[in-house]
Amino acid sequence: MTQARTAPRQDSEPALVILPDPAAVSRAAAERFAAAAVAAVGARGRADIATTGGSTPVGIYSQLAVPPLRDAVPWDDVHLWFGDDRYVPRDHPDSNVMPVDQVLLAAAVLAGLSGTGATGVDVELGIEPGAPLPVANVHSFPCGQAIAERLGSAWCAATYADAIRAALSADEDGWPIFDLILLGIGPDGHVLSVFPGSPALTSKDLALAIPAPSHVEPHVERVTLNPRVLDAAREVVVVSHGAAKADIMATVFGGVLDPARWPAQLVRRAGVTWLLDAAAAARLPGRDAADG
Ligand code: 6PG
């Protein structure tokens, strides 16, 4: 386990962007997604982006599902991956894939139709929300198959690791290089499904099955990528909002550095961007309550 040490020097800290409200945070995150996709497709012909779970991505997907961002993303060459998931089928309310299906994807894509995402009319927008991301480009952990065929969560994780290795290039240590990883922060300071003291912190496996946590909801088994992928990624953007995150943000950015206890501190480093709203940032060290 990593030992606790004092907080890093200021010049090794991440970029903290504090925005007025959750909508502004979602908008900024969606813009980072679009920019990363454009840059990666321009440079390498495809973009591999790992998304996050929890409630945070819904606002991001809502922004990506409508113009102008929908029209800015080269969807055909975007591949969407998941940093973690709950060990449930894709259509389960706890699934991290369900918001992708329900909020991000165009109905036409889901139906296997034209894939243009512009086949209907929304009264307010004049267009039907939904991104024309090909269904085949949504790479989820095969939880549904593992459950249906009783293959187990370890098989699910290992199969996903194989799929990632087959699709992505790797760094010199063999860890896959995502163009962008979006991350949420749990109330206990977890990232991905890497909880405090997690075996994932010392594992060499690219993906792991994690027993159901009892201290955070939902109390279901998880599958997660190894947090080492956060070091290998070209870009990592942390997205978090709401007053309920204020205490953990204060701890993560406090004076003691102990990533084994607060895994979110793995991305408290230069090169990572944290997009927070004022409520989540209200108790950050050095920030006056009046700022928020
Ligand atoms: C999980 C999630 C988790 C999530 C954070 C933030 O399985 O628990 O994937 O890592 O990203 O808990 O959750 P919110 O977006 O709801 O704040």
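A polar side-chain atom of Arg 222 lies 2.5 Å from an oxygen atom of the ligand. This is a predicted model, and that distance, like the others here, is computed from it. Arg 86 also reaches the ligand: an N or O atom in the Arg 86 side chain is 2.7 Å from a ligand oxygen. His 190 adds another such pair, with a polar side-chain atom 3.2 Å from an oxygen atom of the ligand. On its own, the ligand has 420 Å² of accessible area, and the protein covers 90% of it.

Where does the ligand sit? It occupies the largest pocket. The surrounding shell holds 16 residues. The closest are Thr 56, Asp 84, Arg 86, Arg 222 and Lys 245. Sorted by class, the shell has 10 polar residues, four charged ones and two nonpolar ones.

Several of these residues can be placed on the chain. Strand 5 covers residues 84-86, and Asp 84 and Arg 86 are among the closest to the ligand. Strand 8 covers 222-225, and Arg 222 is another of the closest. Helix 2 covers 56-64, and Thr 56 belongs to that group too.

Next, the loop after strand 5. Pro 89 lies there, between strand 5 and helix 4, which spans 98-104. Is Pro 89 buried or exposed? Neither label fits, because its relative accessible area is 30%, which makes Pro 89 partly exposed. Pro 89 and Ala 146 are 57 residues apart in sequence, yet their C-alpha atoms are 8.9 Å apart in space. Helix 6 takes in residues 143-148.

Now follow the chain beyond helix 6. Arg 150 is in the loop that leads on to helix 7, residues 153-167. Its phi is near 55°, a positive value in a residue other than glycine. Arg 150 has a relative accessible area of 78%, so it counts as exposed.

Leu 192 offers a second positive phi, near 50°, again in a residue other than glycine. Leu 192 is also in a loop, the one between strand 6 (180-183) and strand 7. Is Leu 192 buried or exposed? It is buried, because its relative accessibility is 7%, and the cut-off for buried is under 20%. Why pick out these backbone angles? Most residues other than glycine have a negative phi.

Peptide bonds deserve the same check, because most of them are trans. The bond from Pro 67 to Pro 68 is cis, with omega near 5°. Which loop holds Pro 67? Pro 67 is in the loop between helix 2 and helix 3, the latter made of residues 69-72. Pro 68 is found in that loop as well. Pro 67 counts as partly exposed because its relative accessibility is 33%. The C-alpha atoms of Pro 67 and Pro 129 are separated by 8.5 Å, with their positions 62 residues apart along the chain.

A cis bond also joins Glu 217 to Pro 218, with omega near -10°. Pro 218 is in the loop between strand 7 (207-210) and strand 8. Arg 222, where this walk began, makes its 2.5 Å approach to the ligand through a polar side-chain atom.

Turn to some buried side chains. Thr 51 is part of strand 3, residues 47-51. Thr 51 is buried, because its relative accessible area is 1%. What does its side chain contact? It makes a polar contact with the side chain of Tyr 61, at 2.7 Å.

Arg 268 is a charged residue, and it lies in the loop between strand 10 (256-257) and strand 11 (272-277). Its relative accessibility is 6%, so Arg 268 counts as buried. Which backbone oxygens does its side chain reach? One is that of Val 252, at 3.0 Å. Another is that of Gly 254, at 2.9 Å.

Strand 11 itself holds Leu 275. Leu 275 is buried, because its relative accessible area is 3%. How far apart are Leu 275 and Leu 16? In sequence, 259 residues; in space, 6.4 Å from C-alpha to C-alpha.

Notes:
Residues are numbered from 1 along each chain as its sequence is written. This is a predicted model: local features need pLDDT of at least 70, side-chain atom pairs count only at pLDDT 80 or more; totals for chains, interfaces and linings use all residues. Side-chain values use heavy atoms; hydrogens and water are left out. A residue is near a molecule or strand if one of its heavy atoms lies within 4 Å of it. A polar contact is a pair of N or O atoms within 3.5 Å; within protein, one must be able to donate a hydrogen and the other to accept it, and residues adjacent in sequence count only if both atoms are side-chain atoms. Accessible areas come from the Shrake-Rupley method with a 1.4 Å probe; for residues, only the protein chains shown count as cover. On a 1 Å grid over the protein atoms alone, a cavity is a set of points where a 1.4 Å probe fits but cannot get out, and a pocket is an open set with protein on both sides within 12 Å along at least five of seven lines; lining residues have an atom within 4 Å of a point. A molecule sits in a cavity or pocket if more than half of its atoms lie within 2 Å of its grid points. Helices (H or I, at least four residues) and strands (E, at least two) are DSSP runs, numbered from the N terminus. Buried means under 20% relative accessible area, exposed over 50%, partly exposed in between (1.4 Å probe, protein chains only).
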